[in-house]
Amino acid sequence: MKARAATPWLLLAPALIATLLLVIGPVADTLWLSLHDVVLFRPRVQPFVGLANYLAALHDPAFWGGLWLSVVWVVVAVGLQFGLGLVAALLLNRQFWWRPLARALVIVPWALPSVIIGLVWTWMLDFNLGLVNELGMRLGLLSAPVAWLARPEYALGAVILAVTWQGFPFFCVTLLAGLQAIPRQLYEAAEMDGAGRLHCFRHVTLPGLMPVMATALLLRMIWVANSLDLILVMTGGGPGTATQTLPLYAFLKAWTGADYGYGSALAVMLTLLLLSVVIFYAVRSER
Amino acid sequence: MKRLRLFLGTELPVLAILLFGLGPWVWMMLTSLRPSAELSQSPIRLIPGSLTLVNHITLLARTSFVENLRDSLIVACGAVVLGLALSLPAAYAFSRFRFPGRRVLRVQFLVVNMFPVVLLILPLFMLLRSFGLLDTYFALIMGHATFTLPFAIWLMTGYIDGLPVELDESAMVDGATQLQVLRLIVLPLAAPGAVAVGLYLFIASWNEYLFALMLAGRRVRTVTVALQMFIGENTIDWGLLTAGGTLVALPAVVLFLFAQKRLVGGLTGGAVKG
């Protein structure tokens, strides 16, 4: 019997050891580093500074700026992805003859690497040769070409456009699966009771879609909040600090600034903020 | 009349969404097929004057791109093998055994899933450096396999949950051990699920950028890092760059179209049922 009780642990051991070594270990390390003054090129001397890195962040305008940008980035980007994805899912749930083709093709942006998405949109938004400026001028929407990624007032909008493009298929596909799982009888019953289309949407579709929507929103929110590769490729956080979200700031601080301790503290704070959102969500959905 | 309503109310909006979704991607591919002289013309021509493969050929013949493709392929295949080797037994344990700590462990894997990459990457860099493993295939394969592990285990557990337990039980009655059940019954039946998880692992590794940049990048340089370095150069050769983008995106898109149904089923399975 003893061997039987050990079996699941033996099966789990490789995955657990890998996670312990390459995830939990580094996380503990980051916590430890965040309490020290660490400079990459001075590995021998790492004085313990307590919470000084965290306190420094609270007095760092770049931290608050990055936090605010992160909030805007997450709320606007996830909101747009969700809105567009929901509309697409509702449309693709209707009957038309080329629906299978449309359903397959809509996922393309989701499959592309972030670097390629950054590349595609940097090219689309190019000042001289970009398609966006060209079409905008031809249609009379723009009077002169705009340097979308070089102007602080437009750069955040430009990267949000790119991440919306990348992420809306995720919502479309998951919400579509959710829509298909709603029993047809519910709609029939609602129609028998004389419910109109809007009524059906409010009282049948939305409640039926709720669990999928909540999961998809949470997953995407975490992903968008953590993602920095798209911004790194398109603007590198610039111009100035116009697109420097919190994870990107932590990354740049730790990497190019070689200020490991401070970068670690920023990464820990980002994680704590995300964790609190997830816990809040978990508690609310438990009710 | 009904046909017109269908067209205006459904087909036209779908077309608009597809135009938004596919337009930039198609534009990238079109750009890569045009000669450089045409690319620097302003105002730009929307309809290409002539099509050519010269950018693709230059990219493959004159730059290190073939080696980058090889590196990406090696890393992605390694991540698939290692990821499956780690996630299959773990998923089997989660699906078929009830043991103390099971719930905590499952939650643990989900929490691990949400750690920002920035939190992991710096100490991981130092760890690998101290072992002299930086800039090796091994480092990237380990990194990619581990950071995709939580989702791989989650997907795989879902698939194994869907297999009938009765088969396991009757094999056990016939005297098979747990490991024999895993090898002879569960693995063959879970093969389609394993293929989907493998495709996910491949795409995730193929598309990944930050690990590939930080943990490797010099001797082992994947395509995403190589492309990013092209962008960083002073004079951007958009013909070459878009040719690279087209070549890199193709396997991801094709594999994704294959895996789509299963991945989405696994992704939403829990939520739809729960």
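The crossing of H3(A) and H8(A) is right-handed; a crossing gets that label if the near helix is turned clockwise from the far one by less than a right angle, and left-handed if anticlockwise. Helix H3 covers residues 61-92 of chain A and helix H8 covers residues 152-180 of chain A, and their axes come within 6 Å and cross at roughly 40°. Axes here are lines fitted to C-alpha atoms, for helices over the stretch in contact, with angles from 0 to 180 degrees between N-to-C directions. H3(A) and H8(A) are therefore oblique to each other, since angles under 35 degrees count as roughly parallel, over 145 as roughly antiparallel, 65 to 115 as roughly perpendicular and the rest as oblique. By class, their contact has 22 nonpolar, four polar and no charged residues. For these classes, Ala, Val, Leu, Ile, Met, Phe, Trp, Tyr, Cys and Pro are nonpolar, Asp, Glu, Lys and Arg are charged, and the others, Gly among them, are polar.

A word on what you're looking at: this is a predicted model, where local features need pLDDT of at least 70 and side-chain atom pairs count only at pLDDT 80 or more, while totals for chains, interfaces and linings use all residues. Residues are numbered from 1 along each chain as its sequence is written, and chains are lettered from A and ligands numbered from 1 in the order in which they are written.

Now zoom out. Chain A has 13 helices and zero strands, while chain B has 14 helices and zero strands; both kinds of element are DSSP runs, numbered from the N terminus, with helices being H or I of at least four residues and strands E of at least two. The C-alpha atoms of chain A fill a box of roughly 75 × 75 × 30 Å along the principal axes, and the trace of chain B spans about 75 × 70 × 30 Å. Of the 287 residues in chain A, 43% are buried, and for the 274 residues of chain B the figure is 45%. Buried means 20 or more other C-beta atoms within 10 Å of the residue's own, exposed means 12 or fewer, and partly exposed is in between, with C-beta atoms placed from the backbone.

How do the chains meet? 70 residues of chain A are in contact with 70 residues of chain B, contact being C-beta atoms, placed from the backbone, within 7 Å. On the chain A side, helix H1 (residues 2-33) brings the largest share, 15 residues. That side divides into 53 nonpolar, 13 polar and four charged residues.

The largest nonpolar core holds 161 residues, and Val159(A), Cys172(A), Leu266(A), Ile121(B), Tyr200(B) and Leu215(B) touch the most other members. H8(A), from the crossing we began with, gives the most to this core, with 16 residues. Such a core is a set of buried Ala, Val, Leu, Ile, Met, Phe, Trp, Tyr and Cys residues joined through C-beta atoms within 7 Å. Leaving aside residues up to four places away in sequence, Tyr200(B) touches Ala152(B), Leu155(B), Ala259(B) and Leu263(B).

Finally, some local spots. Helix H9 (residues 184-192) of chain A is hardly covered, with zero buried residues among its nine, and Gly194(A), with a positive phi near 80°, follows H9(A). Gly238(A) and Pro239(A) share a cis peptide bond with omega about -5°. Over in chain B, Asp135(B) has a positive phi of about 65° although it is not a glycine.

Methods
Two residues are in contact if their C-beta atoms, placed from the backbone, lie within 7 Å.
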